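Me: I'd like a close look at one helix and at what surrounds it. Could you walk me through that part?

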Amino acid sequence: SMTVVGVTGHQGLTSSTERLVADAMDRQLHDVQQLVGITSLAEGADQIFAERVLAAGGQLTAILPAAHYALTFPHGPARQHYEDLLSRANQIIHLPFNEPTEDAYWAAGKEIVDRCDFLLAVWNGKPSGGLGGTGDIVAYAREIGRPTIIIWPPNAARLNDGDS
């Protein structure tokens with residue numbers, strides 16, 4: 001049967017942290033049979049996860065928080081990268097929000113946790129800066145008893161000290 005792996009995690013990772021996180025994800029996904037990765041395809045942890053799932057031969061399910069979600073990606077490479085990954089998703093689930101608000105992100109995070117067998121969380125252990133941040137999603141996963149693996153390798157860092 002399929003194993004559904006969800007992801008939550010920070011945006012704004014340093015390039016060396018992105019490599020560390022990708023390696024850690026590869027190790028977690030390596031032995032998963034009939035892998036389905038479920039993600040909102042945000043920049044940072046989500047997109048790294050999507051790439052590692054595809055590289056492992058898995059399928060991708062995209063959870064889109066809001067109708068205008070694509071507009072949150074700057075024009076150019078960031079938007080293109082999002083569109084490329086989205087085009088490779090086997091399934092796309094649209095949440096019933098028009099604008100990409102904190103409520104929409106919180107709902108998307110919970111949807112991922114609800115649907116997955118286990119969660120990979122790229123999390124520095126700090127509380128969320130706003131509703132629906134990584135810390136909130138991890139807390140929700142623990143609350144409902146969803147197995148959660150924290151990925152924050154030694155020397156991992158964010159580009160700034162903000163939390164999202």
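Which residues in α4 are buried?

Reply: Before the helix, some ground rules. This is a predicted model, so local features need pLDDT of at least 70 and side-chain atom pairs count only at pLDDT 80 or more, while totals for chains, interfaces and linings use all residues. Residues are numbered from 1 along each chain as its sequence is written, and side-chain values use heavy atoms, with hydrogens and water left out.

Now your helix: A104, W106, A107, A108, G109, I112 and V113 are buried in α4. Buried means under 20% relative accessible area, exposed is over 50%, and partly exposed is in between (1.4 Å probe, protein chains only). Helices are DSSP runs of H or I with at least four residues, strands are runs of E with at least two, and both are numbered from the N terminus.

For length, α4 covers residues 102–115, and its 14 residues at 1.5 Å each should span 20 Å; the end C-alpha atoms are 20 Å apart, which agrees. The expected span is 1.5 Å times one less than the number of residues. An α-helix has 3.6 residues a turn, so residues three or four places apart point the same way.

What do those buried residues touch? They pack against β1, β2 (35–39), β3, β5 and α5 (134–143), with contact meaning heavy atoms within 4.5 Å.

The strands among those partners belong to an open sheet of six, ordered β4-β3-β2-β1-β5-β6 with parallel pairing. Two strands pair if DSSP finds at least two bridges between them. β4 (91–94) and β6 (148–151) sit at the edges with a single partner strand each, so one side of each has no neighbour in the sheet. For β4, the pairing with β3 is parallel and runs over four bridges, and I63 stands opposite I93 in β4.

On to the cores, each a set of buried Ala, Val, Leu, Ile, Met, Phe, Trp, Tyr and Cys residues joined through side-chain atoms within 4.5 Å. The largest nonpolar core has 32 residues, and V5, M25, F49, Y82 and L120 touch the most other members. Elements giving two or more residues to this core include β1 (3–9), β3 (59–64) and β5 (118–122), while α2 gives the most, with six. Apart from the largest core lies another, of 16 residues, and here your helix comes back: A107 is among its members, along with I38, L119 and A141.
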